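User: I'm new to this one and would like a close look at a single part. Could you walk me through the aromatic side chains and how they sit together?

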Amino acid sequence: MTDGFDLSSPLVCEGIIGDGCGGGRIFFVEDEKLQVYDPFTKEVKVLLADIKDVQRISKSGCIISLQKLDDIEEFDISTFKH
């Protein structure tokens, strides 16, 4: 557990420091929203709303992949586009 987040949950992933974007932050899906938690400021921000059927999230560089039942949606946190 990190700051109350279960990093083994498929709906939680941690940004790796030095990987390009969001290092040290925790990304998670809750209430059909992709959110980010900053452990330094203790703030939570919504990055993307109204996302349904997300089964797992992962992050590589600036891209967060949202694995859904039928497809994978990618969200670029450097441009806030998907």
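Analyst: One term before we start: a residue is called buried when its relative accessible area is under 20%. Also keep in mind that this is a predicted model.

Now to the rings. Searching the whole structure turns up two aromatic pairs. In one of them, F5 meets F28 in a tilted arrangement, with 4.9 Å from centre to centre and 50 degrees between the planes. F5 belongs to the segment before β1 (12-14), while F28 is in strand β2 (residues 26-30), so this contact ties together parts that are 23 residues apart in sequence. Are these two buried or exposed? F5 has 14% relative accessibility, so it counts as buried. F28 is buried as well, at 6% relative accessible area.

F5 also pairs with Y37, and that pair is tilted too: the centres are 5.1 Å apart and the planes make 45 degrees. Y37 comes from strand β3 (residues 33-38) and F5 from the segment before β1, so here the parts tied together are 32 residues apart in sequence. As for Y37, its relative accessible area is 8%, so this residue is buried.

Put the pieces together and you get one aromatic cluster made of F5, F28 and Y37. F5 takes part in the pair with F28 and in the pair with Y37.

Notes:
Residues are numbered from 1 along each chain as its sequence is written. This is a predicted model: local features need pLDDT of at least 70, side-chain atom pairs count only at pLDDT 80 or more; totals for chains, interfaces and linings use all residues. Side-chain values use heavy atoms; hydrogens and water are left out. Rings of Phe, Tyr and Trp (its six-membered ring) pair if their centres lie within 6.5 Å; planes under 30 degrees apart count as stacked, over 60 as edge-to-face and the rest as tilted. Helices (H or I, at least four residues) and strands (E, at least two) are DSSP runs, numbered from the N terminus. Buried means under 20% relative accessible area, exposed over 50%, partly exposed in between (1.4 Å probe, protein chains only).
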